[in-house]
Amino acid sequence: MSGSGGPAGVVVEAAPAGSGPTPDDWAAAESLLRGLSADARVLLICHVNPDGDALGSMLGFGLGLRSLGVHRMQATFPGPPEVPEPLRGLPGLDLLVPAIEAYPDPELVICFDAASESRLGELVDRLDTAGAALVLDHHASNTRFGGVNLVDPRAAATSVVAEQLLSRLGVVLDAEIAECLYVALTTDTGSFRFEATTPAVHQLAARLLATGIRPGDISRRVFDTRPFGAVRLFGEALGRARLEPAAAGGRGFVWTWAGLDDLARHGQRPYVLEALIDSVRCTAEADVSCVVKQTTPAEWAVSLRSKGGVDVSRVAVALGGGGHRFAAGFTGRGTVEEVVDRIRGQLDTAVIPAAD
Ligand code: 5GP
Ligand code: MN
């Protein structure tokens with residue numbers, strides 16, 4: 001169980017690594033949902049700057065609840081109410097409302113893919129104003145901030161947890177629910193390439209595909225389409241990437257950055273930079289990769305990845321963020337060099353000792 005299969009050593013989270021929801025947790029979540037009155041208002045929230053797992057698990061779960069007769073329901077996320085272009089084909093987008101319009105005091109709030117309260121931004125007060133709070137997540141660093149927490153660090157995506165709960169509630173998967181959950185699953189497994197891609201992940205994918213959804217169309221839309229301006233912007237950002245072979249105890253560190261003026265020059269929205277890390281992390285000579293993305297003049301969204309030699313969630317947590325062992329992030333302040341300096345300062349202590 002705990003940590004099995006992975007290299008020995010670094011544990012950053014308070015709860016034992018790998019421990020999923022208990023039977024009592026599942027029962028409590030089920031009774032919250034089964035106990036809703038016919039007119040109950042349900043608010044679904046996913047994390048700021050939502051990705052495919054955040055939006056896909058939230059909307060898929062929302063469509064599932066709707067099929068059970070829940071009719072007063074909103075889905076939302078903090079920050080600008082902008083859905084990244086690749087996710088604008090998701091079913092269930094009609095559930096979305098801007099954060100400012102979200103029910104102030106719903107009977108139930110359900111949070112998706114958010115490891116901590118800070119990921120809920122200005123919507124964090126709903127944890128107090130709602131009648132009950134349910135958390136669905138898969139981050140090992142999750143702080144269990146709900147009244148009921150379904151947190152499974154072994155799950156490849158939050159959508160895995162969402163589908164399990166839908167199944168317990170007796171929801172029959174249709175193509176719309178399945179498309180949302182499939183986008184979430186493929187996003188967080190890197191299209192079934194990452195270590196978390198277990199037999200159970202493929203079995204879930206099989207159940208989703210059996211509803212008739214079209215994986216080729218979905219993948220092209222979500223992963224393989226970007227504006228020409230973004231292609232050129234990626235070229236520039238990759239052109240200034242730096243490789244530091246001695247960093248991270250000799251495992252190597254590669255990083256680059258993109259600023260607001262880069263986005264403006266190429267006429268691009270910030271979300272196009274989410275995919276940049278996938279080109280940087282290919283670097284053979286580095287275990288750790290990083291992209292520093294400017295969000296305001298003095299703030300940067302930092303993405304960190306490791307190939308398995310460094311616990312980057314430890315780096316991210318030390319710098320105020322969170323995530324998974326090999327995919328994490330945080331918000332950095334100051335100049336790019338200052339942000340990268342702080343990362344360098346954490347890399348050595350996050351190196352995972354080689355297993356004997
Ligand atoms: P990404 O680099 O794709 O934005 O994020 C990688 C992982 O790190 C995701 O699991 C994401 O939830 C987490 N993450 C990214 N940025 C932050 C942050 O600022 N705070 C926390 N707590 N987690 C983050
Ligand atoms: Mn996720």
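# Exercises on a predicted model

Leaving aside neighbours within four places in sequence, Leu-165 is in contact with Trp-26, Ala-29, Glu-30, Leu-33, Phe-61, Leu-134, Leu-136 and Leu-150. The structure is a predicted model, and the exercises below start from this contact list.

## Exercise 1. The nonpolar cores

Determine which residues have the most contacts inside the largest nonpolar core, and identify what a second core includes.

Solution.

Step 1. The largest nonpolar core has 53 residues.

Step 2. Within this core, the residues with the most contacts are Phe-61, Ile-110, Leu-134, Leu-136 and Leu-165. Three of these, Phe-61, Leu-134 and Leu-136, also appear among the contacts of Leu-165.

Step 3. A separate second core has 24 residues, including Ala-247, Val-312, Phe-330 and Val-336.

Step 4. As a general background, nonpolar side chains tend to be buried together in soluble globular proteins.

## Exercise 2. The manganese site

State which residues are the protein donors of the manganese ion (ligand 2), and describe how they are spaced along the chain.

Solution.

Step 1. The donors are Asp-53 (OD), Asp-113 (OD), His-138 (NE2) and Asp-188 (OD), and they lie 2.1 to 2.4 Å from the ion.

Step 2. Along the chain, the donors follow the spacing D-x59-D-x24-H-x49-D.

Step 3. The pair Asp-113 and Asp-188 links distant parts of the chain, being 75 residues apart. Asp-113 belongs to the loop between β3 (108-112) and α3 (126-129), whereas Asp-188 belongs to helix α5 (residues 175-188).

Step 4. Asp-113 and Asp-188 are both buried. For Asp-113, the relative accessible area is 2%.

## Exercise 3. Positive phi angles

For Asp-113 and Phe-192, give the phi value and the place in the chain.

Solution.

Step 1. Most residues other than glycine have a negative phi.

Step 2. Asp-113 is not a glycine, yet has a positive phi of about 65°. This residue, a donor of the manganese ion, is found in the loop between β3 and α3.

Step 3. Phe-192, also a residue other than glycine, has a positive phi near 65°. Phe-192 lies in the loop between α5 and α6.

## Exercise 4. Aromatic pairs

Find how many aromatic pairs the whole structure has, and classify the pairs by their geometry.

Solution.

Step 1. A search of the whole structure gives 2 aromatic pairs.

Step 2. The ring centres of Phe-61 and Phe-112 are 5.7 Å apart, and the planes meet at 55°, so this pair is tilted. Because Phe-61 lies in helix α2 (residues 52-67) and Phe-112 in strand β3, the pair ties together parts that are 51 residues apart in sequence. Both Phe-61 and Phe-112 are buried.

Step 3. The ring centres of Tyr-182 and Phe-192 are 6.2 Å apart, with planes at 55°, so this pair is also tilted. Tyr-182 lies in helix α5 and Phe-192 in the loop between α5 and α6 (199-209), so parts 10 residues apart in sequence are tied together.

Step 4. Tyr-182 is buried, with a relative accessible area of 6%, whereas Phe-192 is partly exposed at 22%.

## Exercise 5. Disulfides

Explain why Cys-46 and Cys-290 have no disulfide partner.

Solution.

Step 1. The structure holds 0 disulfides. The cut-off for a pair of cysteine sulfur atoms is 2.5 Å.

Step 2. The cysteine sulfur closest to that of Cys-46 is in Cys-111, at 9.7 Å, which is too far for a bond.

Step 3. For Cys-290, the closest cysteine sulfur is in Cys-282, at 15 Å, again too far for a bond.

Step 4. Cys-46 is buried, with a relative accessible area of 0%. Cys-290 likewise counts as buried, at 0% relative accessibility.

## Exercise 6. Leu-243 and the annotated domain

Locate Leu-243, list what it touches, and describe the span annotated as DHHA1.

Solution.

Step 1. Leu-243 is found in strand β6 (residues 242-244) and counts as partly exposed, at 38% relative accessibility.

Step 2. Not counting residues up to four places away in sequence, Leu-243 touches Phe-253, Val-254, Thr-283, Glu-285 and Ala-286.

Step 3. Leu-243 and Val-135 are 108 residues apart in sequence, and their C-alpha atoms are 39 Å apart in space.

Step 4. According to the unreviewed UniProt entry, the annotation "domain: DHHA1" covers residues 270-344. The span is 28% helix and 36% strand, and its end C-alpha atoms lie 25 Å apart.

Technical notes. Residues are numbered from 1 along each chain as its sequence is written. Chains are lettered from A and ligands numbered from 1 in the order in which they are written. This is a predicted model: local features need pLDDT of at least 70, side-chain atom pairs count only at pLDDT 80 or more; totals for chains, interfaces and linings use all residues. Side-chain values use heavy atoms; hydrogens and water are left out. A nonpolar core is a set of buried Ala, Val, Leu, Ile, Met, Phe, Trp, Tyr and Cys residues joined through side-chain atoms within 4.5 Å. Buried means under 20% relative accessible area, exposed over 50%, partly exposed in between (1.4 Å probe, protein chains only). Contact means heavy atoms within 4.5 Å. UniProt positions are given in the numbering used here, feature names are shortened, and annotations may be inferred rather than shown by experiment. Helices (H or I, at least four residues) and strands (E, at least two) are DSSP runs, numbered from the N terminus. Donors are N, O and S atoms within 2.8 Å of the metal (3.2 Å for Na, K and Ca); water is not among the atoms, so sites may look incomplete. Rings of Phe, Tyr and Trp (its six-membered ring) pair if their centres lie within 6.5 Å; planes under 30 degrees apart count as stacked, over 60 as edge-to-face and the rest as tilted.
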